[in-house]
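Hi,

Here is the structure I promised to pass on to you. Please open it beside this email, so that you can find each residue as you read.

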Amino acid sequence: MAAEKNLKWWQKTIVYQIYPKSFSDTTGDGVGDLNGITAHLDYLKKLGVGAIWLTPIYPSPGVDNGYDISDYVEIDPAYGTMADFENLIAEADKRKIKIVMDLVYNHSSDKHAWFLESKSGRKNPKADWYIWRDAKNDGSPPTNWRSIFGGSAWEWCEERGQFYLHTFAKEQPDLNWENPAVRQALYDAANFWLDKGVGGFRIDAITYIKKPAIFSDGAPDGKDGLTNIHFMTANTKGILDFLHEFKEKVFAGRDIFTVGEANGVAADELNQWVGKNGVFDMLFEFSHVNLSLKDGEIWCRPTEWKLTELKKVLSDSQAATKNNGWYPIFFENHDHPRCVNHFFAKDAEPDKAAKAMAAILLTLRGTPFIYEGQELGCTNVAWDSIEQYDDISSHGQYDFALEEGFSAAEAMEFVHFFSRDNARTPMQWNGKKNAGFSTGKTWLPVNDNYKIINVEAEEKNSKSVLAWYRKLAKFRSEREELTAGDYELLLPDDENIFAFSRGVDDKKIITVVNFSTKKISLPEDFCGRKILLDTESKNREEKFLQPLEVRILE
Ligand code: GLC
């Protein structure tokens, strides 16, 4: 394992993302908690997980399920206590698993003490901790920017007689990073968690922290006359100065990993963002998940894409991170649909589609991120009315679609596809009440398919999606080609097969996935090779691939 020696611990492991509210409830209040996570550490260990990314567990009014934080250095009582958190770290540590926290530093909650002080008048010590501007002469908001969840990005505050900026919901006011005291307070909070022993950070919405020097209107891109704030503020020049300071004051010299959420960073800028000269170890970029969004729209109507496009963007990301930083491989998270519904034809058998995606996730170059339930092959929900949805962005998306002239049925179709609630339904542990997630009334309904798709059932079935994930994870940990090896895309123009190789010296592993729901012939070059792992040992035909079949070859 010579090549592997140069890799850090987090480049050789698998990260598992937990949405704590939906993972496991030990108190019966219908909301998951920290002790529920601790109780399932052995389950994660068996999956080969070396780090757990927790979406925010800090006190929060919950307008955006924890991404609106009212105290950066406490635990939300809904999730437990600081002692529960310390116990989680200690128990995880015994199993060589690190806990990774989510830093939400573009904005706080409007109930954070900092904001309450800031909005109380124009002269208090925190008066410029947020982004305040006067109204235009006619009393309208300072600019025509639309927030990411819909509606104006400006909210009027009577007490100050000014507007404040919010990139996301109005309950998520943007912090003013130009103020050194704000930056220091945020660094102190991150260091607080490092001192508790956390193994890294996922840094939320980080491309929005720097605002342009002059705020001006953009060309309207919707019937509301507004323009998407993303295109006005993401990745503003000068942002890297802040981030270098952040690195120096928090991350530098620590044996942790950092992964920034970086919508808006182009591949040719990557070397400034990650790696030796950059600021983070990895960046989540969204070129592959955004293929299904119509140009420039965020969380709106789905559009068609081709397999060759998916292969191209993934291969571009592999190439861009070959020498700069490292790639965090993901196909699901708490903001995206289940991958089975997102990437495959409607007639795809869900468990086969889940296995096909797993093979790609666990054999590409980078650190794989598995989102809770993905390892079971969980699928989207499709509730009848918008009122049934909790996700704030689904409501914004629905209203926006109506405003744009789509019918209510069409708007619901978009919600069914993109709603973040698809990935937020409770974890499916068994076929009993509430899928074994909670004894109480669950905060979000359990997906109806829990009697079939659940941990207990899949542990008993050697052909389950979970069994396949475990097999792949073990295989990955044993083969340095899959951790350290170079990536090469094969058959770039094929619209059915996703194939690539991973190699170290003259050792090579080839992943071949039939992405289509048809039986297709397998190009000559892949026939007759030794099969290391596959999904169709029973129906296998030497020269053909069954629908969604995976073969991992030598
Ligand atoms: C990120 C999070 C998302 C959240 C938003 C605002 O995109 O992943 O869940 O709503 O930031 O914090």
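Below are my notes on the ligand, one helix and two loop residues.

Before you start, please keep in mind that this is a predicted model, where local features need pLDDT of at least 70, side-chain atom pairs count only at pLDDT 80 or more, and totals for chains, interfaces and linings use all residues. Residues are numbered from 1 along each chain as its sequence is written, and side-chain values use heavy atoms, with hydrogens and water left out.

**The ligand**

The residues around the ligand (those with a heavy atom within 4 Å of it) are Asp 64, Tyr 67, His 107, Phe 149, Phe 168, Arg 202, Asp 204, Glu 261, His 334, Asp 335, Arg 420 and Arg 424. This shell has seven charged, three nonpolar and two polar residues; here Asp, Glu, Lys and Arg count as charged, Ala, Val, Leu, Ile, Met, Phe, Trp, Tyr, Cys and Pro as nonpolar, and the others, Gly among them, as polar.

Polar side-chain atoms lie 2.5 Å from a ligand oxygen in the case of Asp 64, 2.8 Å for His 334 and 2.9 Å for Arg 202. On its own the ligand exposes 310 Å², and the protein buries 98% of that (areas by the Shrake-Rupley method with a 1.4 Å probe).

**Helix α11**

Helices here are DSSP runs of H or I with at least four residues, and strands are E runs of at least two, numbered from the N terminus. Helix α11 covers residues 350-361, and its end C-alpha atoms are 16 Å apart, which agrees with the expected 16 Å (1.5 Å times one less than the number of residues). Nine of its twelve residues are buried, so α11 is largely enclosed by the rest of the structure. Among them are Lys 355, Met 357 and Ile 360. Buried means under 20% relative accessible area, exposed over 50%, and partly exposed in between (1.4 Å probe, protein chains only).

**Two loop residues**

Asn 124 sits in the loop between α4 (113-118) and β4 (132-133). Is Asn 124 buried or exposed? Asn 124 is buried, at 15% relative accessible area. Its side chain reaches the backbone nitrogen of Ala 127 at 2.8 Å, and a polar atom of that side chain is 2.7 Å from the backbone oxygen of Glu 117.

Ser 152 belongs to the loop between β5 (145-146) and β6 (154-157). Ser 152 is partly exposed, at 25%, and a polar atom of its side chain lies 3.0 Å from the backbone nitrogen of Trp 154.

Happy exploring!

Technical notes. Polar contact = N/O pair within 3.5 Å; in protein donor to acceptor, adjacent residues only side chain to side chain.
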